[in-house]
Amino acid sequence: MQTPSVTKPLWQTYLLFLAPMVLSNFLQSMSGTVNSIYIGQMLGTQALAAVSGMFPVVFFFIALVIGLGAGAGVLIGQAWGAREPHMVKAIAGATLLLGVLIGLLAAVLGSVFARQALTGLGTPADVLDDAVAYAHVMMWILPSLLVFVLFTQLLRGVSDTVSPLLALVVSTCVGLALTPAFIRGWFGLPQLGIQSAAYAGLAGNLAAMAWLAWRLIRKNHPLAPDREFFAALRLDRVILGKVLRIGLPTGVQMIVLSLSELVILALVNQHGSQATAAYGAVTQIVNYVQFPALSIAITASILGAQAIGAGQLERMGPILRTGLLINVCLTGGLIVLGYLLSHWLLGLFLTEDSTRAMAEHLLHIMLWSLLLFGFQAIIGGIMRASGTVLVPVVIAIVCVVGVQLPAAYWLDGQFGLQGVWMAFPVAYLGMLVLQTLYYKLVWQHQKIERLV
């Protein structure tokens, strides 16, 4: 692995970094979709409902770990840019150990309080017992899932996005092959019923981590699990303080955004099952456009952190401008495709013509605003590279809680269901304006220094 060359065109560096990340996002989405199809088709609707009830609990812990990874990724990027591999290992070791402890705590608390948590989330009584059985297995395999998610994030700090992609291919292939085998008891395997996807996921994670360890050791990777790496597995309070200062606000932002989605869904549900089905279909398409925009922001953050670590602050402006340009081309291109192919794409999810027409109208209202979402995310990512995270996160939360949700309620009353979707562009525009103002008026005038 080498730090990015200052002579390589930035757009090329971006694309080399981006392509594996975008493919990884696609694989993760596809894996979840196929697993849901397996469970729904082979075990029935009730089984699918029981499994779905665990998602908010698991997402809470994944959000915390993604926050940790975001914080550690910035510090690792700076250390890697400064050519300090020993510091890279120290940051990774401290962060991974904390991730393991969070996973173990989640496993214990989650398994003990699974029934109470699922009851509190309103899990229907007819699937509660199945949901609790699934939850017990899911919570005990959570440590391995969190470590896998966290470690792949840390690899990106040293510009390695290929290893996480290949590991995800291994995990996905093993998981998708074993889920139906466990459901049906093929090849002499036990029939595990509703717990099949959880056990298959565990096998996939363990296989991927074993393969990843072999690959990193073979390549003499800076984050290879060697003796020096294991020696770095200790809770360094100074390093973890910096990781948490950057990472916790990011994790909180993800949790708030997911909760706001539940509020939006509750508003949509008031318009009937047809509106709910349209919401689900539109969200599927939006995710495939939004993920690349977020990937560009992550790339900007990592490249910015490496530039700061290397003492090349003059590269921050070009990194931002290149990220914004790629957002226009990549996200903008996906948006155009979304408009042109909307009728066909929504037809993959919806069979009723009236529901598909409703979904198409809703998609057309807000799809363009994902370009604004990408712009503000990239500006926030550049600021995060220097450790400035609290104000950008507060701006995002305020625009969702203080702008989007009230606007959705008011516009819903004025225009009906389409008003709920009008609130998305309003919120994204607010985020872009405020992030830009803070970047121009405050952040650009601050002294940027290395955090490690």
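**Pocket, core and a loop residue**

User: In this predicted model, how do the residues lining the second largest pocket divide into nonpolar, polar and charged?

Analyst: The lining of the second largest pocket includes no charged residues. Polar residues number 3 there, and the nonpolar ones come to 14.

User: What is the volume of the second largest pocket, and which residues are the closest to its centre?

Analyst: The volume of this pocket is about 370 Å³. It is lined by 17 residues, and the closest to its centre are Ile-285, Tyr-288, Val-289, Leu-334 and Leu-345.

User: Which helix gives the most to that lining?

Analyst: At least two lining residues come from each of α1 (10–42), α11 and α12 (316–340). With 6 residues, the helix that gives the most is α11.

User: Which helix gives the most to the largest nonpolar core?

Analyst: The largest nonpolar core has 121 residues, and Phe-151 and Trp-421 have the most contacts inside it. The helix giving the most to this core, with 16 residues, is α11 (residues 273–309).

User: Which residues is Trp-421 in contact with, leaving aside its neighbours within four places in sequence?

Analyst: Trp-421 is one of the residues with the most contacts inside the largest core. With those neighbours left aside, its contacts are Tyr-279, Val-282, Leu-362, Ile-365 and Met-366.

User: Is Asp-236 buried or exposed?

Analyst: Asp-236 sits in the loop between α9 (227–231) and α10 (237–269). A polar atom of its side chain lies 3.0 Å from the backbone nitrogen of Val-238. Its relative accessibility is 18%, and the cut-off for buried is under 20%, so Asp-236 counts as buried.

Methods: Residues numbered from 1 in each chain as written. Predicted model: local features only at pLDDT ≥ 70, side-chain atom pairs only at ≥ 80, totals over all residues. Heavy atoms only, no water. Helix = DSSP H or I, 4+ residues; strand = E, 2+ residues; numbered from the N terminus. Buried < 20%, exposed > 50% of the residue type's maximum accessible area, 1.4 Å probe, protein only. Polar contact = N/O pair within 3.5 Å; in protein donor to acceptor, adjacent residues only side chain to side chain. Core = buried A, V, L, I, M, F, W, Y, C linked by side-chain atoms within 4.5 Å. Contact = heavy atoms within 4.5 Å. 1 Å grid on protein atoms, 1.4 Å probe; cavity = no way out; pocket = protein on both sides within 12 Å on 5 of 7 lines; lining within 4 Å. Points joined across faces, edges and corners; volume = space filled by probe spheres on them. Nonpolar A, V, L, I, M, F, W, Y, C, P; charged D, E, K, R; others polar.
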